[in-house]
Amino acid sequence: MTLPEASSAPRLPDVLTDPNTGRRISLLDWQAANRRASWVLGGFMIALLAAIAYLMALAIDPAAAGTFVVIAVALAVAQSLGAYWFADRLALAVSGARPANADEHRYLVNVTEAVAIGAGVPPPKVYVIDSPAPNAFATGRDPRHGAIAVTTGLTQLLDRQELEGVVAHEMAHVKNYDIRFASMLAATIGAIVLLRDVAWRGMVYGGRSRRSSTSRSGGGKGQGLAMVLLVVLLVLAPILATLLKLAVSRQREYLADATGAYITRNPEGLANALAKIRDYAGAPLEVSEGVRHLYFTNPVKRLNVAGAFSSHPPIDDRISRLRRM
Amino acid sequence: MPTTIIVLVVLAVLVLVGINVYNRIVTLENRYQNAWSQIDVQLKRRNDVIPNLVETVKGYAAHEREVFDNVAKARAAMTQAKSVDESAGAANMMTQALGRLFAISEAYPELKANQNFLMLQEELAGIENKIAYARQFFNDAVLQFNTVITTVPGVFFAGPMGKTKHVYLEVPEEEKAVPQVSFGAQA
């Protein structure tokens, strides 16, 4: 390949508006900030878990505190590893997705392969969900194991550019490692909830037996304080962890929209797709609660709202951000 | 004694930075080559699909000779192209020839109802689309490469490594609109 003098650079819309500060920010910086936030949040979750385990140990048996913490963290790590390996197959199975047929779904497969080339990732496996409700989700721990599932309703409702936008959004989730992060975070929250339930039982039954045997002498002030702290943490930790997870999920929807627009160089396609999905008034997609956050828009329509408890930002907000790019 | 240590540390840092920059340039050069081969693969696939398409269309519109000639010419230019520039030029020619082929097919309802034709049409639309994306990825790779070899510290390595700026692929404006087909009912 012999090449003459370089010509002018094409315009790349890789500078976007940061949703938090309103400042212009490069996509790469945004992605890097996202990764840092993931590490901080992951560390915080483990610390929260360890704190609960430690307080549990203090309340029950101070001598075994170290063992408790080790067991709790090991539990969380085991659950996260399980999520790392199996979350994708589970999500696909729960959603009733079947592998796309190369002939029957040629159009969808072509669109996906094209977008994958644009994104510079290996083409993900394509799955189809038989439902008239337009939606899609992505799963897979890294781009090499990516999978995208699309409802038949989506392929019928959208034109090519709009479908490209949605597929690019899903591919962005895989490329930004959102799926892996979300499933491992969910596993850690699961471990905290499990611990809470164990402690609850321990306090109800264990507490009763101790009162009867060692009435006045046992415990002491330290143990009492640990008990109070533990109860507070046990009540608050799962809620706090869930709120954090949802906040991250919302931020990542914006980032995936921006990345998707960047991959397709066409924010309008994605914005139009969102508008069409917003205006869809047919039967909703039945999705179990555990995997709703994975979808392009929350399958339960009224849950696409602003607020601490929603996994997705309001659709209109996403559209207006795309149209401002 | 401390001077020696300082000199050694500075040297070590310089060597590490050098290795890093060298590897970065090689990585980006590979990405550039890979980006080109992505385009090449799609161009070859398109050339493989075209004879089938031409045969199918001929069955209904044999007298549209000029259109078939243009496609054949573009195909010959594709197979003879050697440089990136020639390939890109021939690819643009082919895209335009195919655009006209699909335009005339609008006038033949029986052709448009042919299942084989519809399949080929979607296949070609898909390939065109992939070429567009591959080209975009190629230009991204060129941008990254050119940025690294023209900024510090990469600029000090580009000369000794014999690296010069790569060229962007220009996308002809009319190409973006061709071929526009709706497949909603098929999916």
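Helices here are DSSP runs of H or I with at least four residues, numbered from the N terminus. With that in hand, welcome to a predicted model, in which A:L246 sits in helix α7 of chain A. Chain A as a whole has 9 helices and 6 strands, and helix α7 is a good thread to follow through the notes below.

**Chain A overall**

- Of the 325 residues in chain A, 49% are buried.
- The exposed area of chain A is about 15,500 Å², and carbon and sulfur atoms supply 61% of that area.
- Taking contacts in chain A between residues at least 6 apart in sequence, 69% join residues at least 24 apart.

**A:L246 and its partners**

- A:L246 counts as buried because its relative accessible area is 11%, and the cut-off for buried is under 20%.
- Beyond its neighbours within four places in sequence, A:L246 is in contact with A:A308, A:F309, A:S310 and A:S311.
- One of these partners, A:F309, is 63 residues away from A:L246 along the chain, yet their C-alpha atoms are separated by 6.6 Å.

**A nonpolar patch on the surface**

- A:F309 turns up again in a nonpolar surface patch, together with A:W200, A:V228, A:V231, A:V232, A:V235, A:L236 and A:I239.
- Together these residues have about 750 Å² of accessible area.
- Helix α7, residues 221–264 of chain A, gives the patch its largest share, 6 residues.
- A:V235 has its place in helix α7 of chain A and is partly exposed, with a relative accessible area of 43%.

**Cavities**

- The model has 4 cavities of 30 Å³ or more, and the largest cavity has a volume of about 160 Å³.
- The lining of the largest cavity consists of 13 residues, and A:D178, A:A182, A:S249, A:R252 and A:H293 are the ones nearest its centre.
- Helix α6 (178–214) and helix α7 of chain A each supply at least two residues of that lining.

**A buried salt bridge beside the largest cavity's centre**

- Side chains of opposite charge can pair when their charged atoms come close.
- Two of the lining residues nearest the centre of the largest cavity, A:R252 and A:D178, form a salt bridge whose closest N and O atoms are 2.6 Å apart.
- A:R252 lies in helix α7 of chain A and A:D178 in helix α6 of chain A, so this pair ties together parts that are 74 residues apart in sequence.
- What is the burial state of A:R252? A:R252 counts as buried, at 4% relative accessibility.
- A:D178 is buried as well, with a relative accessible area of 5%.

**Salt bridges of A:R278, and a network**

- Over all chains, the structure holds 18 salt bridges.
- A:R278 forms a salt bridge with A:D279, the closest N and O atoms being 3.1 Å apart.
- A:R278 also forms a salt bridge with A:D316, where the closest N and O atoms are 2.5 Å apart.
- The pair of A:D316 and A:R278 links distant parts of the chain, with A:D316 in helix α9 (residues 315–323) and A:R278 in helix α8 (residues 267–279) of chain A, 38 residues apart.
- A:D316 is partly exposed, with a relative accessible area of 47%.
- A:R278 is partly exposed at 31%, whereas A:D279 is exposed at 52%.
- Elsewhere, salt bridges that share partners join A:R106, B:R45 and B:E123 into one network.

How values were computed:
Residues are numbered from 1 along each chain as its sequence is written. Chains are lettered from A and ligands numbered from 1 in the order in which they are written. This is a predicted model: local features need pLDDT of at least 70, side-chain atom pairs count only at pLDDT 80 or more; totals for chains, interfaces and linings use all residues. Side-chain values use heavy atoms; hydrogens and water are left out. Patches are made of residues with over 30% relative accessible area and no salt bridge: like charges are joined within 9 Å, nonpolar side chains (Val, Leu, Ile, Met, Phe, Trp, Tyr) within 5 Å. Accessible areas come from the Shrake-Rupley method with a 1.4 Å probe; for residues, only the protein chains shown count as cover. A salt bridge is a side-chain nitrogen of Lys or Arg within 4 Å of a carboxyl oxygen of Asp or Glu. Buried means under 20% relative accessible area, exposed over 50%, partly exposed in between (1.4 Å probe, protein chains only). Contact means heavy atoms within 4.5 Å. On a 1 Å grid over the protein atoms alone, a cavity is a set of points where a 1.4 Å probe fits but cannot get out, and a pocket is an open set with protein on both sides within 12 Å along at least five of seven lines; lining residues have an atom within 4 Å of a point. Grid points are joined across faces, edges and corners, and a volume is the space filled by probe spheres set on the points.
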